[in-house]
Amino acid sequence: MTWQENYKRWINFAELDGELKGQLADLRDDRTALEDAFYKHLEFGTGGMRGIIGPGTNRMNIYTVRKAAEGLARYIEEQGDIAKSRGVVIAYDSRHKSKDFAMEAAKVLGHHGIQVYVFESLRTTPELSFAVRYLHAFSGIVITASHNPPEYNGFKVYGEDGAQFASETANVLVAKVNEVENELEIAVAEEESLKESGLLSMIGDTVDQAYLKQLETITVNRDAIEQVADDFKIVYTPLHGTGNRPVRKGLAQVGFKHVYVVKEQELPDGAFQTVDYPNPEEPAAFKLAIEYGKKHDAHLLLATDPDTDRVGVAVKNREGEYQLLTGNQIGALLLHYLITEKAKKNELLENATVLKTIVTSELGRDIAKAHGLDTIDTLTGFKYISEKIKEFEERGDRSFLIGYEESYGYLIGEFVRDKDAIQACILIAEVAAYYHTKDKTLYDALMDIFAKYGYYREGLESLTLEGKAGVEKIATIMNDFRENPPAEVAGQQVVVREDYESSRRTFVDKGVEETITLPVSNVLKYKLEDDSWICIRPSGTEPKIKFYFGVRGETMEESQEMLEKLVGEVMERVTEGEKA
């Protein structure tokens, strides 16, 4: 169906939502905007969907949400009456339309006779994951677009283990969603009738308390917290999202007494008015937190994204200025602390295993290896880490220690099966408190790790390419690197090429190939003779293509110089390709 046919189908639909009808009227003379809104159906991938809010088949609105929910309902129906009775838990964050979209999904599921549990107010993504497990539900949904700009929202689906659906099941669900032919004609039940019948239950405090109780298991050395609690100061900002209550309660219950919340960013706000981009990876997101840090002479600054699955950290460096740590650096600090402190207490299991993604720093692997532990790589996306945790449980041959990714996502306690910024805030604060007892900051601790294992540096460059033209451009870039792989970058020979789409790993110097055993994904990775590496992948959730870089040097200066060379040469090739 052409975009014009989709557009006509919508404007001729007599019962079209009034707000969407008005927005379409405003766009009637903007052919480019209409084409982008209708040229395809918003893609429902293996993790769900995410898009700009507005009218059209390629937008987030009540009809595309209903379509996603209808596909899930059909899938659950095929699993039988027990699956229907176990039901679906739904959470939503502070974004525009989140509550509305949550209820639309509930009304579609309820129409199919599926039990639905909806949180009575906004909740975090990790608590949704926990709730699915706690309530023994069959599935879960969270309405969020994570750290995307305010015009976005999304729909993420979870399985009965509290993780996003594994690849094979997710593909079945995607097919079910794609089978829905007309998103405008999906039947929904009335909210009140669902409540009266008992098919719709509103949940909240009971799940909150159970989750908070589990958070107490995250700490390793409560004595360190108690030792510094009277003077240790934390500044925290939820960036207008869902983290305010759970993060503060979590920190308080393990013993932190002085937590200062950035008032301007404390309350939920889908417009995220104090930041351009509600992403704790962005230095600008810490502007107000740093001001508060200076005011209170805080030892630690924390910022979580809108759905509270990612956390950023800033600490004082040796010049006394607040410096943001990267996701890789935070992960290394957490990993090192867990290993060393658990070992002191004889709590480190012999089969303890670290999980990280293929674009995450190799520093974690070196730390783990030095202590006799294995590290397993997964594809980018936390659901792959969760799949491995489930595999460990089923096989019984390994125990999970920590899972993390460079994009500020961490999981310590298995009671959640997605990245959990609340868990991470608690453990990061404990690590900082521990080093405070040694008259050190987290920055000092990081420098100690670098001195022992090497000066690891990583970089990320992203190109935002929106709309139909952007999709095509991203495909062109990937095809160029796939068909014309670099032989040398920054004076270093490429010794290994990995293509996760063809599942081929090529050892260039040996002329040998082997099969990559991870799931198929549109990712390319190149390893250089000095152990530097480059990885290229389109984002699965944003209109971006991402370029990852990793190096290790004997000094910080050496690492920085090599990183700049890698980034410069690769991005120059991309820029030249755009001009061609």
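# A tour of salt bridges, rings and empty spaces

Start by selecting Lys 356 and Glu 362, whose side chains meet in a salt bridge at 2.9 Å, N to O. Keep in mind as you go that you are looking at a predicted model. Is Lys 356 buried or exposed? Lys 356 is buried, with a relative accessible area of 0%. Its partner Glu 362 is partly exposed, at 22%. Now add Arg 365 and Asp 377 to your selection: together with Lys 356 and Glu 362, they are linked in a network of salt bridges.

**More charged pairs**

There are plenty of other stops of this kind, since the count of salt bridges comes to 46. Select Glu 35 and Lys 468 to see one of them, with 3.8 Å from N to O. Which parts of the chain does this pair link? Glu 35 belongs to helix H3 (residues 31–38) and Lys 468 to helix H19 (residues 467–483), so the contact joins distant parts of the chain, 433 residues apart. Colour the two by accessibility if your viewer allows it: Glu 35 is partly exposed with a relative accessible area of 25%, and Lys 468 is partly exposed as well, with 37%.

Next, move to Asp 397 and Arg 395, where the side chains form a salt bridge of 2.8 Å, N to O. Asp 397 counts as partly exposed at 34% relative accessibility, while Arg 395 counts as exposed at 55%.

**Rings that meet**

Switch your attention to aromatic side chains. The structure holds 16 aromatic pairs. Select Phe 130 and Tyr 134 for a stacked example, in which the centres are 5.6 Å apart and the planes differ by 20°. Where do these two rings sit along the chain? Both belong to helix H7 (residues 125–134), and because they are four residues apart there, about one helical turn separates them. Phe 130 is buried, with a relative accessible area of 6%, whereas Tyr 134 is partly exposed, with 36%.

For a tilted pair, go on to Phe 450 and Tyr 455: their ring centres are 5.6 Å apart and their planes stand at 40°. Both residues are on the buried side of the scale, as Phe 450 has 1% relative accessibility and Tyr 455 has a relative accessible area of 19%.

Then select Tyr 7, Trp 10, Phe 13, Phe 38 and Tyr 63 together. Ring pairs link these five names into a cluster.

**Charges over rings**

Two more stops bring a charge and a ring together. Select Arg 573 and Phe 481: the arginine lies over the face of the ring, at 4.0 Å from the ring centre. Then select Lys 510 and Phe 507, where the charged end of the lysine sits over the ring, 5.8 Å from its centre.

**A cavity inside**

Now turn to empty space. Rolling a probe the size of a water molecule over the atoms shows where such space is left. How many cavities of 30 Å³ or more does the structure hold? It holds one, with about 40 Å³ of space in this largest cavity. To find it, select Val 313, Leu 325, Ile 330, Leu 333, Leu 334, Ile 428, Val 431 and Leu 442, which line the cavity. By class, the lining has eight nonpolar residues, no polar ones and no charged ones. Helices H14 and H17 (421–437) each supply at least two lining residues, and H14 gives the largest share, three residues.

**The second largest pocket**

Your last stop is the second largest pocket, which contains about 850 Å³ of space. To centre your view there, select Glu 281, Thr 326, Tyr 408, Glu 458 and Leu 460, the closest to the pocket centre of the 38 residues that line it. Next, show the elements that give two or more residues to this lining: strand S11 (322–325), helix H14 (327–344), helix H18 (442–453), strand S16 (455–464), strand S23 (544–553) and helix H20 (556–579). Which of them gives the largest share? Strand S16 does, with six residues. What classes of residue make up the lining of the second largest pocket? The lining has 17 nonpolar, 11 polar and 10 charged residues.

Before you close the viewer, look again at helix H14, which supplies residues to the lining of the largest cavity and to that of the second largest pocket.

How values were computed
Residues numbered from 1 in each chain as written. Predicted model: local features only at pLDDT ≥ 70, side-chain atom pairs only at ≥ 80, totals over all residues. Heavy atoms only, no water. 1 Å grid on protein atoms, 1.4 Å probe; cavity = no way out; pocket = protein on both sides within 12 Å on 5 of 7 lines; lining within 4 Å. Points joined across faces, edges and corners; volume = space filled by probe spheres on them. Nonpolar A, V, L, I, M, F, W, Y, C, P; charged D, E, K, R; others polar. Salt bridge = Lys/Arg side-chain N within 4 Å of Asp/Glu carboxyl O. Buried < 20%, exposed > 50% of the residue type's maximum accessible area, 1.4 Å probe, protein only. Phe/Tyr/Trp six-rings, centres within 6.5 Å; stacked < 30°, edge-to-face > 60°. Lys NZ or Arg CZ within 6 Å of the ring centre and 35° of its normal.
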